[in-house]
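Please look over the structure shown here before reading the notes beneath it. They go from the chain as a whole to one sheet and then to one helix.

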Amino acid sequence: MIKLTNINFGYSKKRLLFENLTLELSRGHIYGLLGKNGAGKTTLLKLISGLRFISSGSALVLNVNPALRKTKMLQELYFLPEEIYTPALKVDEFIKAYAPFYPNFNHAQFQEYLNVFEIPFHNQKIDKMSFGEKKKVMIAFALACNTKVLIMDEPTNALDIPSKAIFRKVMASVATDDRIVVISTHQVRDLHSLIDAIIILDSGKVILNEGAETITEKLAFEVLEDTKDDAHILYEEDNVRGKLVVRENTLKKDTKLDIELLFNAVMLNKQKIQQIFNPKN
């Protein structure tokens with residue numbers, strides 16, 4: 001449903017942010033997009049959404065070039081940015097103005113999401129709400145649009161701990177086999193149980209794009225007392241329980257994915273990680 005092939009993009013002609021970047025995303029997944037600040041996560045989301053335009057290469061979203069911003073694509077794609085714009089409208093006024101752009105918008109679902117997030121301010125203008133309340137309203141709207149592609153940039157920022165738990169529960173309920181969800185985040189602990197595929201960007205390149213099952217098949221996430229002379233260890237850090245370790249899964253152990261440890265391992269051993277997941281390259 002989303003296919004970027006050898007794309008090039010830069011904010012300056014002298015320096016490209018993405019050079020020959022290739023990425024393919026399939027329906028039925030909730031992707032976690034990870035990377036350091038400046039890696040290009042938000043820019044990549046904007047290229048997919050048609051808010052930025054590639055310099056060269058090929059981009060297809062729902063079989064349409066996103067740069068053309070055709071109605072049939074925009075009706076099936078919702079992008080929730082980190083910095084949200086909230087007009088001086090009451091919730092009901094906002095829905096009346098913006099819901100018609102999305103043919104699959106479900107008013108009953110929207111009301112249900114507001115109730116779950118405990119947002120009863122129908123008589124209050126959205127721009128007068130707290131940032132956390134604004135975020136909840138916009139998340140509720142994004143989900144109620146029922147688009148085939150849902151893109152969220154740091155959606156849990158400004159949410160308190162109970163609201164983050166609600167967010168995970170709601171997101172799990174809206175995942176379908178016909179939908180692609182991409183969530184860019186630094187708060188991996190907030191979304192650990194939700195994400196089923198990981199994309200890691202570094203310096204404008206895709207270092208990893210794999211499903212959780214494939215990752216735990218090839219890598220083991222363990223707590224060890226002694227890591228001396230273990231050549232298969234890719235990353236380790238001290239913990240009160242011992243050493244938290246990511247190692248090549250040569251022993252075929254069944255372990256639980258730790259996204260934060262994975263990210264640190266990839267940043268430390270990019271070439272080795274790529275060899276593990278792409279042995280022919």
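The briefing below takes up overall dimensions, a sheet with the helix that lies across it, and helix α5.

The model is a predicted one, and its chain contains 9 helices and 12 strands. With 281 residues, a compact globule would be expected to have a radius of gyration near 19 Å, and the value of 20 Å for this chain agrees with that expectation. Helix α5, which spans residues 131-144, is mostly covered, with 12 of its 14 residues buried.

**The chain as a whole**

- Along its principal axes, the C-alpha trace of the chain spans about 65 × 45 × 35 Å.
- Of the 281 residues, 48% count as buried, while the accessible surface of the chain comes to about 14,300 Å², 47% of which belongs to carbon and sulfur atoms.
- When contacts between residues at least 6 apart in sequence are considered, 68% of them join residues that are at least 24 apart.

**The sheet β2-β1-β4**

- Three strands make up an open sheet in the order β2-β1-β4, and their pairing is antiparallel.
- The edge strands are β2 (18-25) and β4 (56-61), each of which pairs on one side only.
- Neighbouring strands of this sheet are turned against each other by 15° on average, with direction ignored.
- Strand β1 (residues 2-9) is joined to β4 by 5 bridges, and the two run antiparallel; Leu-4 has Ala-59 of β4 as its bridge partner.
- As a general point, strands of a sheet pair through backbone hydrogen bonds, in either a parallel or an antiparallel manner.
- Helix α1 (residues 41-49) lies across β1, β2 and β4, and runs at about 120° to β1.

**Helix α5 and its surroundings**

- At 1.5 Å a residue, the 14 residues of α5 should span 20 Å, and because the C-alpha atoms at its ends are 20 Å apart, the model agrees with this expectation.
- The buried residues of α5 include Lys-134, Lys-135 and Lys-136, and also Val-137, Met-138, Ile-139, Phe-141 and Leu-143.
- Gly-132, Ala-140, Ala-142 and Ala-144 are likewise among the buried residues of this helix.
- The cover over the buried residues of α5 includes the helices α3 (91-98), α4 (107-116) and α6 (161-174), together with the strands β5 (77-80) and β6 (149-153).
- Asn-146, which follows α5, has a positive phi, near 55°.

Methods
Residues are numbered from 1 along each chain as its sequence is written. This is a predicted model: local features need pLDDT of at least 70, side-chain atom pairs count only at pLDDT 80 or more; totals for chains, interfaces and linings use all residues. Side-chain values use heavy atoms; hydrogens and water are left out. Helices (H or I, at least four residues) and strands (E, at least two) are DSSP runs, numbered from the N terminus. The expected span of a helix is 1.5 Å times one less than its number of residues. Buried means under 20% relative accessible area, exposed over 50%, partly exposed in between (1.4 Å probe, protein chains only). Contact means heavy atoms within 4.5 Å. Two strands pair if DSSP finds at least two bridges between them. Axes are lines fitted to C-alpha atoms, for helices over the stretch in contact, and angles run from 0 to 180 degrees between N-to-C directions. The radius of gyration is taken over C-alpha atoms; the globule rule is 2.2 Å times the number of residues to the power 0.38. Accessible areas come from the Shrake-Rupley method with a 1.4 Å probe; for residues, only the protein chains shown count as cover.
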